Amino acid sequence: MTYYIKDKHQKAKRTYKKYSRKSVLKIIFRVFLVILAIMGLIYLFFFSPIFEIKNFIIDGKDPILENELTEYLKPLVSGKNYFFVSKKKILSELEKDYRIKDVEATKIFPDSLKITFKKSLPFALIYIKGGEESFLYWVRNQIYVIPQNSLGERSLTVLAEQDIPIIYDQTNISIKTKEWQELFMGLSRLLSFYGLGSGKQNNFTINFIEIKKEGGRITLEMITNEGWKILADPVDLISQFERMEAILTKEVKSRADLLYVDLRFGETVFYKTK
C-alpha cells in the first residue's frame, strides 16, 4: 500500500512537469506571436510604402505658383512616411515665400498632402532714388523689396492690373537698415487703411507718396485720389490720420475744398482750403 501511494505521487509529479512545460511553451509562443504582430504593425505604419506621401494637392488659384510650390515640396516630403511628415516644418518653409499668405497644410490619410494658400499682392510700387522700380510686400512683419526685372512677364501683368499706390523714396536710406524697415512698416499699415482698394466707405485713398529727408528730418508728402495733399511724419502715422479725420469731420464741410493738411506738429492739425 505504501509503495502504491509513492508510485502514484511520482506519476502525478511527472504529469505536472509535463503540463508545466507545455504551458511555458504556449506562453512563449503567444509572446512571440504578439511581438511578431507588433513588429508587423510597426513596419506597416512606419516603413511600408503604403503610407509614403505620393500625392500633392495644392490650391491657391494660381496654376503657375501652384506648380512651383509642388516642385519645391517634392524633395522635402515625397516618399516620407505620412506619420513622420511635420506640418509645422512645411508651413515654416512655405511662409518664407513672400508671394503667399494664409498657408494651411493638411495631411490626408494615407498618402496625400494638401496645401491651401492665398496669393499675396504688394502694397505699393516703389521707385528708389538711384535704383529701379520695385514692388513692396509686407509679409509677417517684414518688408520685401522685389525688383520688377526679377518677376516673370505673367506676374507683372497680374500686378499691373492691381490698384496699388506709388511711392517715391528720395531718402538714400539703405533698405537693409532698421530705420528703413520701420518706416515702411508704418506705411504698409497706413496703406492697409487708406491704400487703393482698401475698401473704406466714403473715404479718400492715397495714390502717391513721396519720401524726403531734409536736414535730418523725414517728411512724407502724400497725394490723395481727391487731389489734396497730406504732409506727415513717419512716426505713428495711424494716430496722425485719426486726428486728421476728426478735425476734417468737425471743421471741413467738403474735402473738395481742401488744398493740404499738415500733420507734422504733434497734436495740432493744420489745413488749408480753397
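**Surface.** I looked up the exposed area first: the protein exposes about 17400 Å², and carbon and sulfur atoms supply 56% of it. Areas come from the Shrake-Rupley method with a 1.4 Å probe, and for residues only the protein chains shown count as cover.

**Ground rules.** I am reading a predicted model, where local features need pLDDT of at least 70, side-chain atom pairs count only at pLDDT 80 or more, and totals for chains, interfaces and linings use all residues. Residues are numbered from 1 along each chain as its sequence is written, and side-chain values use heavy atoms, without hydrogens and water.

**Burial.** I find that 33% of the 274 residues are buried (under 20% relative accessible area, 1.4 Å probe, protein chains only).

**Cores.** I checked the largest nonpolar core (buried Ala, Val, Leu, Ile, Met, Phe, Trp, Tyr and Cys joined through side-chain atoms within 4.5 Å). This core has 34 residues, and Met 222 and Phe 241 are among those with the most contacts inside it. Elements giving two or more residues include β9 (217–224) and α6 (237–251) (DSSP runs; helices are H or I, at least four residues, strands E, at least two, numbered from the N terminus). α5 gives the most, with eight residues.

I then listed contacts (heavy atoms within 4.5 Å) of Met 222. Among them are Leu 190, Phe 208, Trp 228 and Phe 241. A second, separate core of 18 residues includes Leu 65 and Leu 73.

**Helix pair.** I note that Leu 73 in α2 is also among the residues that meet Ile 90, Glu 93 and Leu 94 in α3.

Notes. Buried < 20%, exposed > 50% of the residue type's maximum accessible area, 1.4 Å probe, protein only. Lists of a residue's contacts leave out its neighbours within four places in sequence.
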